[in-house]
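Q: I have a new structure to look at, and I would like to learn how to read it step by step. Could you guide me through it?

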Amino acid sequence: GGITPRSHDDPAEVTGLASLARPAAVDDDSWLPVSSTDEDEASGKVTVVTGIGGRGTATLSLAALLEEAGKDGAPALPCAEGDEFSITARWVGPTREVVTAELDAGRLRVARSPYVLALTPSRPVDADAGLPLPGNPLAVFVDLRGPDSGKVEAEVTLSLHEWDGSAHVTEDPTKDASPSSPPKQLRDLALRSGLLPPRTWGSQVGSSCKVQADGGKKAQCVSTLTLPEAKKYVVLARARDPEGVELVTAFAVGRTPKEWKKRPLTSLDDAVTVRTDKPSYGAEDIVQLSLVSPFQDARALLIWGNGTERKSWQHSLAGAPGKEHSLPVTLGNECAYGCNVLVVLTAPDQKRSAVLPVEVPLSPLLDVTLPRTVVKN
């Protein structure tokens, strides 16, 4: 999945390496980043000859098929983790009838493991808007899920790396394989993450942060992942599944100085990230809301309940933009038939140094010090 939402909405979950831009050749022999969020499609075919019993076996090498699977027979982008593909078989019978069949599951997801390492940034990541801003706290919610979507406990290592936006970060681990390669060799290659050694595309900033995957309950590693300068970086997470396969998830953040000069900041992050400690609650339960505020020293008004039983509560959120706050809400009869929590954040005049701990070019029409209000349902 890619992670570049075009509106300042809830941060998007990231899995694997598919959200990193991949290179695509253009007419002037230079390279342009092509995000996997683009609807790139490729197709190819192989011929299978069945035996006397009507059974045939074929080994599909996606790397080989992709050499001519693009538009008009051009090479297609290599597969990245998170991509999907389908297989359809077509047979023409002796009387010219056509019989087709597809995979029972429909589409297959390209992956090296049935386990998924998922990251959700505490703030929206929007390259066009330059968010999150350098110096503003950035953390991630970490989730490691099994084949049945259940939570898996494992240690996850997170780190921040410089990146110029053009250096190759990934490669197809099966690029040197052929359809005639031994099955064991193909399986071993498929288990590789495809991530190039970070030293080849960017030096690490600061130290790594090791956490336990907790199902995405708590924002992690804010001191490690906050962008120290107005540059482009990659957030990198590594873990191992119960079978020992290394899982890698990464996404890009920030802009290069050249990009900042070309596109000054025109808007601020107004997204309020709210998460709960459980998927559902009953009467008399205490809901632990985890709230990440985009403001300096804001106030939160929480409203919940139905009809005349509606309740409200105010709370002060002291601290810098991007800080995580824990807000407990005790449910009663006002939510007997289910209800939502409405969050209203208000902030007074903001200090420029709080909004922009690291200075970046600003649009002449943007005043970062004005009072702000955001409503989150």
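Q: Let us begin with a single residue. In which loop does aspartate 297 lie?

A: Aspartate 297 lies in the loop between strand 14 (286–292) and strand 15 (298–304). Keep in mind as we go that this is a predicted model.

Q: Is aspartate 297 buried, partly exposed or exposed?

A: The idea is to look at the relative accessible area: under 20% a residue counts as buried, over 50% as exposed, and in between as partly exposed. Aspartate 297 has a value of 37%, so it is partly exposed.

Q: What should I look for in the backbone of aspartate 297?

A: Start with the general pattern: most residues other than glycine have a negative phi, and most peptide bonds are trans. Aspartate 297 has a positive phi, near 50 degrees.

Q: Where is there a cis peptide bond?

A: Look at leucine 131 and proline 132, which are joined by a cis peptide bond with omega at about 0 degrees. Proline 132 sits in the loop between strand 6 (116–121) and strand 7.

Q: Let us step back to the whole chain. How many helices and strands does the chain have?

A: The chain has five helices and 19 strands. It has 377 residues, and 41% of them count as buried. About 20900 Å² of the chain is exposed, with carbon and sulfur atoms supplying 50% of that area.

Q: What share of the contacts joins residues 24 or more positions apart?

A: Take the contacts in the chain with a separation of 6 or more: residues 24 or more positions apart account for 69% of them.

Q: How do I read a sheet, for example the one with strand order 9-8-11-12?

A: Read the order as a list of neighbours, then find the strands at the edges. This open sheet is formed by four strands, and their pairing is antiparallel. Its edge strands are strand 9 (204–212) and strand 12 (246–254), each pairing on one side only. From one strand to the next, the twist averages 20 degrees. Inside the order, strand 8 (residues 155–162) and strand 11 (residues 232–240) pair over six bridges. To find one of the matched positions, go to threonine 157, whose bridge partner in strand 11 is arginine 238.

Q: Which strands are at the edges of the sheet with the order 1-6-7-10?

A: Here too, four strands form an open sheet with antiparallel pairing. The edge strands are strand 1 (14–15) and strand 10, and each pairs on one side only. Strand 10 is joined to strand 7 (residues 140–145) by two bridges. In that pair, phenylalanine 141 stands opposite alanine 219 in strand 10.

Q: How do I read a hairpin, such as the one of strand 4 and strand 5?

A: Look at the pairing, then at the residues that link the strands. Strand 4 (residues 84–92) and strand 5 (residues 98–109) run antiparallel and are joined by eight bridges. Serine 86 stands opposite arginine 107, and valine 92 stands opposite valine 98. The hairpin has five residues between the strands, and arginine 96 takes a positive phi near 70 degrees.

Q: Why is cysteine 221 counted as buried?

A: Compare its accessible area with the cut-off of under 20% for a buried residue. Cysteine 221 counts as buried because its relative accessible area is 8%. This residue is found in the loop between strand 10 (219–220) and helix 3 (222–225), and its phi is positive, near 65 degrees. Beyond its neighbours within four places in sequence, cysteine 221 is in contact with Leu138, Leu158, Cys209 and Val211.

Q: And what surrounds threonine 224, leaving aside its neighbours within four places in sequence?

A: Threonine 224 is in contact with Leu158, Ser159, Leu160, Ser207, Ser208 and Cys209. This threonine lies in helix 3 and is buried, with a relative accessible area of 11%. Its C-alpha atom and that of serine 207 are separated by 6.9 Å, though the two residues are 17 residues apart along the chain.

Q: How many cavities of 30 Å³ or more are there in the whole structure?

A: A search finds two. The largest cavity has a volume of about 80 Å³. It is lined by 14 residues, and the closest to its centre are Arg123, Leu133, Asn136, Asp269 and Pro294.

How values were computed. Residues numbered from 1 in each chain as written. Predicted model: local features only at pLDDT ≥ 70, side-chain atom pairs only at ≥ 80, totals over all residues. Heavy atoms only, no water. Pairing = 2+ DSSP bridges. Axes fitted to C-alpha atoms, helices over the stretch in contact; angles between N-to-C directions. Buried < 20%, exposed > 50% of the residue type's maximum accessible area, 1.4 Å probe, protein only. Contact = heavy atoms within 4.5 Å. Areas by Shrake-Rupley, 256 points an atom, 1.4 Å probe, with all protein chains shown as cover. 1 Å grid on protein atoms, 1.4 Å probe; cavity = no way out; pocket = protein on both sides within 12 Å on 5 of 7 lines; lining within 4 Å. Points joined across faces, edges and corners; volume = space filled by probe spheres on them.
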